[in-house]
Amino acid sequence: MRDDRGSSSLEFIAAGVLMLVPLLYLVIVLGSVQEQTLGVEAAARHAARVIATAPDARTAASQGDAVLSSIASQYGIDDDDVQLTVRCRPEGVPCPSAGATVTVSVATSARLPFVPAVLGLDRAVSVPIEAVSAQKVSRQWGAE
């Protein structure tokens, strides 16, 4: 017979660490993805609002880019990875125009933490994130 005194605490510590590390990584990944999701959603919402309330098309474009850049820096989103799409309904009208609905789509991808950039692995295991927001432009837009 062997003497097994003291081995249960060692087994508990080893099993605890083996279960704690993946759980801790999951919490970090979910926090990172949620931060990026909130940032993309805020960027779409605020960009649509700024574009719809701007006094003219030139101001709308510059303020939309400024809002996107500001929110991207606040939420830690890389400006190079953000795709911004602005569309107006009805189709065929200049964007923005009086009475139109501005639809802003912002897309990016959240990279997983601690994934090395070797062979593009960090981009291969990223999570795509997209948000869409719509804002109605005033019928009096552009009237002086």
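This briefing walks through the interior of the structure above and one residue at its surface. Please keep in mind that the model is predicted. Its largest nonpolar core holds 29 residues, and a single cavity of 30 Å³ or more turns up. Val40 is a handy place to start looking, as Val40 lines the largest cavity and is among the core residues that touch the most other members.

**The nonpolar core**
- Val40, Val102, Val104 and Val106 touch the most other members of the 29-residue core.
- Two or more residues of this core come from each of α1, α2, β2 (101–110) and β3 (127–136).
- The largest share belongs to α1, with 11 residues.
- In soluble globular proteins, nonpolar side chains tend to be buried together.

**Contacts of Val40**
- Setting aside neighbours within four places in sequence, Val40 is in contact with Ile77, Val106, Thr108, Ile129, Glu130 and Ala131.
- Two of these partners, Ile77 and Val106, also appear with Val40 in the lining of the largest cavity.

**The largest cavity**
- The volume of the largest cavity is about 30 Å³.
- Its lining consists of Gly39, Val40, Ala43, Leu68, Ile71, Ala72, Ile77, Val82 and Val106.
- Helices α1 (7–53) and α2 (57–74) each contribute at least two residues to that lining.
- By type, the lining has eight nonpolar residues, one polar and no charged.

**Arg2, before the first helix**
- Arg2 sits in the segment before α1.
- Arg2 counts as exposed because its relative accessibility is 74%, and the cut-off for exposed is over 50%.
- Arg2 and Pro55 are 53 residues apart along the chain, and their C-alpha atoms are separated by 84 Å.

Note on methods
Residues numbered from 1 in each chain as written. Predicted model: local features only at pLDDT ≥ 70, side-chain atom pairs only at ≥ 80, totals over all residues. Heavy atoms only, no water. 1 Å grid on protein atoms, 1.4 Å probe; cavity = no way out; pocket = protein on both sides within 12 Å on 5 of 7 lines; lining within 4 Å. Points joined across faces, edges and corners; volume = space filled by probe spheres on them. Helix = DSSP H or I, 4+ residues; strand = E, 2+ residues; numbered from the N terminus. Nonpolar A, V, L, I, M, F, W, Y, C, P; charged D, E, K, R; others polar. Core = buried A, V, L, I, M, F, W, Y, C linked by side-chain atoms within 4.5 Å. Buried < 20%, exposed > 50% of the residue type's maximum accessible area, 1.4 Å probe, protein only. Contact = heavy atoms within 4.5 Å.
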